[in-house]
Amino acid sequence: MSTPFCFVLQDVPTKLVAKAVPLPMAVRGHWFLSPRTEYCVAVQTAVRQPDGDYLVSEWSQVVEFCTGDYAMEHLQQLLDKAKGSAGRLLKFSLFYRNQHPEYFDYVRKEWGGVMRPALKDNSGSHGSPINGKLNGVFFSCNTEFDTGLPPKDSPYGPLRFHIPAGHMLNPNISLYFADFYCMYTAYHYVVLVLAPVGSEGDNFCRTRLPMLDLASNPFLTYTAPQGPGEEPLYCHASDVILEVLFTEPVPLDQGPVEQISGHHQLMSLTTANAKKDPSCKVCNISVGR
């Protein structure tokens with residue numbers, strides 16, 4: 001549904017404008033428009049007369065338009081905010097994906113044992129360029145402070161597929177920042193995209209998302225082996241929940257599918273189509289939600 005508002009060319013008291021048309025945004029002179037939103041605009045002019053009254057014109061024809069995604073400069077603002085919440089880096093060794101048994105059965109029977117990329121839903125920031133446009137498979141990599149292992153619980157299902165970090169994070173992968181949001185909670189989510197260099201996903205992200213240095217960023221890092229016989233080092237941010245979208249199919253034979261040991265399926269923490277808290281001062285920028 002389109003969002004109506006008016007635009008006044010001359011200096012007109014707000015109460016006069018409000019009598020002409022209900023205003024959803026009570027800001028005189030300019031409005032902050034939300035991304036990916038349809039608007040209709042009508043213009044009315046008013047000229048102050050010598051006696052103090054205003055001569056008000058008829059409304060112009062209505063112009064309808066739709067705002068676009070966040071531009072790169074807006075995502076950079078969001079990235080700068082996310083950096084302040086990332087916390088210190090912790091080591092990890094696995095990417096993992098939780099789902100219900102029905103999902104993995106379907107993958108084996110219908111997709112030949114390969115998890116196929118799916119279209120990103122509309123969760124998170126309304127203006128993120130990947131929402132409804134980029135295909136991928138979501139993974140997590142956060143670990144518990146005391147064990148250094150993935151958490152025992154998951155809101156997404158009791159079965160967990162995991163894969164060595166090096167399969168998805170290595171020098172042949174491009175890393176992008178896509179979103180920073182919360183769902184009326186104290187903790188925040190950072191959405192990252194991993195795409196093989198030169199792939200369709202990489203080409204999509206290159207002109208739309210800020211690229212991050214694999215070896216030096218506050219969220220997810222790869223450090224090459226420092227000497228013969230050494231292993232790469234993988235680290236993740238400790239104070240945000242990372243949602244990592246890998247843009248390529250992932251075969252199940254690259255890792256095991258196991259039952260998690262936790263007993264609580266925290267369904268309230270799922271982020272599927274979750275809406276961002278528009279009032280949070282930590283993760284919102286001035287161009288809209």
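**Exercises on strands, a helix and two residues**

Strand 11 and strand 19 run antiparallel and are joined by 3 bridges, where strands (E, at least two residues) and helices (H or I, at least four residues) are DSSP runs numbered from the N terminus, and two strands pair if DSSP finds at least two bridges between them. The model is a predicted one, in which local features need pLDDT of at least 70 and side-chain atom pairs count only at pLDDT 80 or more, while totals for chains, interfaces and linings use all residues. Residues are numbered from 1 along each chain as its sequence is written, and side-chain values use heavy atoms, with hydrogens and water left out.

**Confidence**

Task: Find what pLDDT the chain averages, and which residues have a pLDDT below 50.

Solution: Begin with the chain, which averages a pLDDT (the predictor's confidence in each residue, from 0 to 100) of 85, with 80% of the residues scoring at least 70. Then turn to residues 1-28, where the pLDDT is below 50, although this stretch has 56 contacts in the model beyond near neighbours in sequence; a contact means heavy atoms within 4.5 Å. Where pLDDT is low, the predicted coordinates should not be read in detail.

**Strand 11 and its partners**

Task: Determine which residues of strand 11 stand opposite Asn98 and Gln259, and whether the strand is mostly covered or not.

Solution: First take strand 7 (residues 94-99), which pairs with strand 11 in the antiparallel sense over 6 bridges; here Asn98 stands opposite Arg160. Next go to strand 19, where Gln259 is the bridge partner of Leu159. Finally, consider the covering of strand 11 (residues 159-164): 5 of its 6 residues are buried, buried being under 20% relative accessible area, exposed over 50% and partly exposed in between, with a 1.4 Å probe and protein chains only.

**The two sides of helix 3**

Task: Work out which residues of helix 3 are buried, and why they lie on the same side.

Solution: In helix 3 (residues 101-110), the buried residues include Tyr103, Phe104 and Val107. They lie on the same side of helix 3 because they cover an arc of only 95° around the axis, the arc being that of the directions from the helix axis to the C-beta atoms. The buried residues of the helix pack against strand 7, strand 8 (114-115), strand 11 and strand 19, whereas the face turned away from the buried side carries the exposed residues Glu102 and Lys109. After helix 3 comes Gly112, with a positive phi near 65°.

**Asp277 and Tyr184**

Task: Decide whether Asp277 is buried or exposed, and do the same for Tyr184.

Solution: Start with Asp277, which lies in the segment after strand 19 (257-259) and counts as buried because its relative accessibility is 9%. The side chain of Asp277 makes a polar contact of 2.7 Å with that of Ser279; such a contact is a pair of N or O atoms within 3.5 Å, where within protein one must be able to donate a hydrogen and the other to accept it, and residues adjacent in sequence count only if both atoms are side-chain atoms. Leaving aside residues up to four places away in sequence, Asp277 touches Cys182, Tyr184 and Asn284. Now follow Tyr184, which is found in the loop between strand 12 and strand 13 and is exposed, with a relative accessible area of 58%. Although Tyr184 is not a glycine, its phi is positive, at about 60°.
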